[in-house]
Number of protein chains: 2
Amino acid sequence: MKNTKQYPRKEITIKNIAELAGVSFSTVAKALRNDPLVNIKTRERIHRIAKEMNYYPNLLAKGLKNKKTKTIGIILNDLQSPFYAEIYKVIGDILNERDYTMLLCDSNYDQNLERKNIITMISNGVEGIIISPINENSPNINLIIERNLKAVFIDSFPNFPNINYVYANHEKAAFLAAEHLIQSGHKDILLLNGPEELSSSHHFLRGYTQALEKYELFLREDLVIFSHLSIESGAEVLKQICRNRKITDIGFTAVLSLSDLLAIGVYDAAKELSLRIPEDLSVVGYDNIFASKYVCPPLTTVHQPKTRTGMYSIQILLEQIAGDSKEFKKMVIDPILVKRSSVRIVK
Amino acid sequence: MKNTKQYPRKEITIKNIAELAGVSFSTVAKALRNDPLVNIKTRERIHRIAKEMNYYPNLLAKGLKNKKTKTIGIILNDLQSPFYAEIYKVIGDILNERDYTMLLCDSNYDQNLERKNIITMISNGVEGIIISPINENSPNINLIIERNLKAVFIDSFPNFPNINYVYANHEKAAFLAAEHLIQSGHKDILLLNGPEELSSSHHFLRGYTQALEKYELFLREDLVIFSHLSIESGAEVLKQICRNRKITDIGFTAVLSLSDLLAIGVYDAAKELSLRIPEDLSVVGYDNIFASKYVCPPLTTVHQPKTRTGMYSIQILLEQIAGDSKEFKKMVIDPILVKRSSVRIVK
DNA sequence: TTGTAAGCGTTATCAA
DNA sequence: TTGATAACGCTTACAA
């Protein structure tokens, strides 16, 4: 249609209201903030007009003026992962209550993208950020600290005094999982780890190593594999290893993976390779995403308190923003082993 | 520590750079935009200084001036749902490429919250929004249209000429699913629908009804149930119905649900009630979230093209923002039946 | 080639 | 009780 031309979005401003109300725009500003200095009758009139015109204040102007944007930034590594989803769901709910808005960015486990995302947050004047950084030693962390950008780190604990973090203890998680496998009789455990540049992968490896040490087992380098964190990668890795080998020849009886998604990939591969879980291969995941309970067989995993992570991190951030607290908070949350049916007990 | 006091975030502006460079701030502005009118040497010097100082432009100021904020808003109903997650994952990826940022809000199937979220988007000056509205006839839609806010509706098709939408045909989805059940021999099918105020629920009901009509089956009102869209609600509803009744007495042999999440809730309840799927109860879901393939037994469902929904919607929006297209796009995407193992064939 | 000035929509100070 | 005015950081004519 010719005449459905898009008109430029006409912004309604306090000036427009002022014209209609026959007062100056600064009176309108005051009236809208319910300043008692403004005559009650004009105040009411102005409010009425504002409502009629569907006036909504321009937050850009406001933010420019006050340095209060009422937005906070969230920088995560995989928007699609149910793990992260659970975290920012609670964040979103709390933000809704507090009239904050969330700027959400996905870094895709890419440090350049992460850097870009941090800059985006700064440029947009967010009042604070929650970030799950890829690496604890990357210059990206410095960027945040130098700028004095209020931040809560999750899923990591960068080694700086003046930061906040909420960290689910990955080291302990790996330890618990590995210990459970060892106690079930497994000696050769494939560690299906996350990407090598990811700090979490190193914490996880450490926990795995500690468990081996405790039970005087050798760490076999060939059983530590770094992988992208997706179902597809998990499947890919296992298929790669098992290709052209007999079940008895793959050199391990169990898989411990950094994420449930990865573990589900192992399930996929196992099916394709006609390996039975847990008869031929035991599997333990990490995160306890909702799906892990429903796969066949139900996945033994380590529960990561995602809701609490989200809740604590946003609470800490909002407190700091409000200025209620100047102290830096460092929280470590303990994960919990959830035994289901993907681990075989070896006699 | 006393002296870890938080300094106010000092913003670095073009004025600071100007001082250091010994030029006027407007020269800096031009230099940073690589305006060839500025002497190449000063341009370089200014760029160097800007980099050294970690200058990042204030997007609020920029936005206020240009009416280009490089942000787009996404308003969804459940951030945690794997269904929505898949949609905004692709949106996020494309936005990353195009240097746009996403403002994400969760309306929680609440129309008041939805209204607030729309206003938030307007106030923040987003260049456009993608919204999955709760109801196609709510005043919230008018709010968007009146304001001439560029928008793409997903998961719905409001009846206005001058809007864009990308709609996965829920009516057809329900029809396909119901037809499959009927052809498998089921005559009494419980429709586990979404919330009554949700437009999708009505489209879904229509498809279900059509299938019944086609096969000359009666629509039994008692078999249409509106429910919140979560695993818990799905389980709750089924348990409610089956309480104190024998399997042969519940009055239906199959369940068709508006979402896979709801269907998984049915799985949970079935387990608790010692009902076998599909022997005692057949189940068909909708969405085809990743988990539906992994549940036991694998869930028969109707695939909703989430990636395409996300991709098309953001492409349409960005085109309209760029002004490349003034035409309103109305896309309807066809869902596809995915047969797995949760439907029993009745002789 | 560089600088001045007005303006985007607010807030806040001060004057009327 | 109300109104001018400057300022936030940036863009963009226009002037020098």
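1. Helices here are DSSP runs of H or I with at least four residues, strands are runs of E with at least two, and both are numbered from the N terminus. With that in hand, α4(B) is the element to look at beside DNA strand D: it supplies five residues, the largest share of the surface near that strand. Keep in mind as you read on that this is a predicted model.

2. Staying with DNA strand D, there are 23 residues around it, and A:V23, A:S26, A:N39, B:T13 and B:A61 come nearest. Both protein chains take part: α2 (25-32) and α4 (59-66) of chain A, along with α2 (25-32) and α4 of chain B, each put at least two residues into the surface near DNA strand D. By class, that surface has nine nonpolar, nine polar and five charged residues.

3. Now the other DNA strand. DNA strand C is surrounded by 23 residues, and the closest are A:N58, A:A61, B:V23, B:S26 and B:N39. Here α4(A) gives the most to the surface, with five residues. At least two residues each come from α2 and α4 of chain A and from α2 and α4 of chain B. The surface near DNA strand C splits into 10 nonpolar, nine polar and four charged residues.

4. How are the two protein chains related? A rotation of 180 degrees, with 0.0 Å of shift along its axis, lays chain B on chain A with an RMSD of 0.1 Å. That is what a two-fold axis does. The contact fits the picture, with the same surface serving both copies: 98% of the contact residues of chain B turn up again in chain A.

5. On to the contact itself, which takes 47 residues from chain B and 46 residues from chain A. On the chain B side, α4 (59-66), α5 (82-97), β2 (101-106) and α6 (111-123) each supply at least two residues. The top contributor to that side is α5(B), with seven residues. Sorted by class, the residues of chain B that touch chain A come out as 25 nonpolar, 15 polar and seven charged.

6. There's also strand pairing across the two chains. β2 (residues 101-106) of chain A is joined to β2(B) by three bridges, and the two strands run antiparallel. If you want a place to look in the viewer, find A:M102, which stands opposite B:L104 in β2(B).

7. Next, a strand with plenty around it. Is β9 (residues 282-287) of chain A mostly covered or open? It is mostly covered, with six of its six residues buried. A:S282, A:V284 and A:Y286 point one way from β9(A), while A:V283, A:G285 and A:D287 point the other way, and all of them are buried. So A:D287, a charged residue by class, is in that buried set too.

8. β9(A) has strand partners. With β8 (residues 254-257) of chain A, β9(A) shares three bridges in the parallel sense, and A:V255 has A:V283 as its bridge partner. With β10 (residues 300-303) of chain A, β9(A) pairs over four bridges, again parallel; here A:V284 is matched with A:T300 in β10(A). Helix α11 (residues 260-272) of chain A joins in as well, making a right-handed β-α-β unit with β8(A) and β9(A).

9. A few backbone spots deserve a second look. Most residues other than glycine have a negative phi, and most peptide bonds are trans. Even so, the bond from A:I277 to A:P278 is cis, with omega near 0 degrees, and A:P278 lies in the loop between α11 and β9 of chain A. Chain B has a cis peptide bond too, joining B:I277 and B:P278, where omega is about 5 degrees. B:P278 belongs to the loop between α11 (260-272) and β9 (282-287) of chain B.

10. Last, two residues with positive phi. A:N108 isn't a glycine, yet its phi is near 55 degrees; you'll find A:N108 in the loop between β2 and α6 (111-123) of chain A. A:N108 has 18 C-beta neighbours inside 10 Å, so it counts as partly exposed. The other is B:K67, also not a glycine, with a phi of about 60 degrees, placed in the loop between α4 and β1 (71-76) of chain B. B:K67 counts as partly exposed because it has 13 C-beta neighbours inside 10 Å, and the exposed class needs 12 or fewer.

Conventions. Residues are numbered from 1 along each chain as its sequence is written. Chains are lettered from A and ligands numbered from 1 in the order in which they are written. This is a predicted model: local features need pLDDT of at least 70, side-chain atom pairs count only at pLDDT 80 or more; totals for chains, interfaces and linings use all residues. Two residues are in contact if their C-beta atoms, placed from the backbone, lie within 7 Å. Two strands pair if DSSP finds at least two bridges between them. A residue is near a molecule or strand if its C-beta atom, placed from the backbone, lies within 6 Å of it. Copies are superposed by least squares on the C-alpha atoms of residues with pLDDT of at least 70 in both. A residue is buried if 20 or more other C-beta atoms lie within 10 Å of its own, exposed if 12 or fewer, and partly exposed in between; C-beta atoms are placed from the backbone. A crossover is right-handed if, with the strands pointing away from the viewer, the path from the first strand over the helix to the second runs clockwise.
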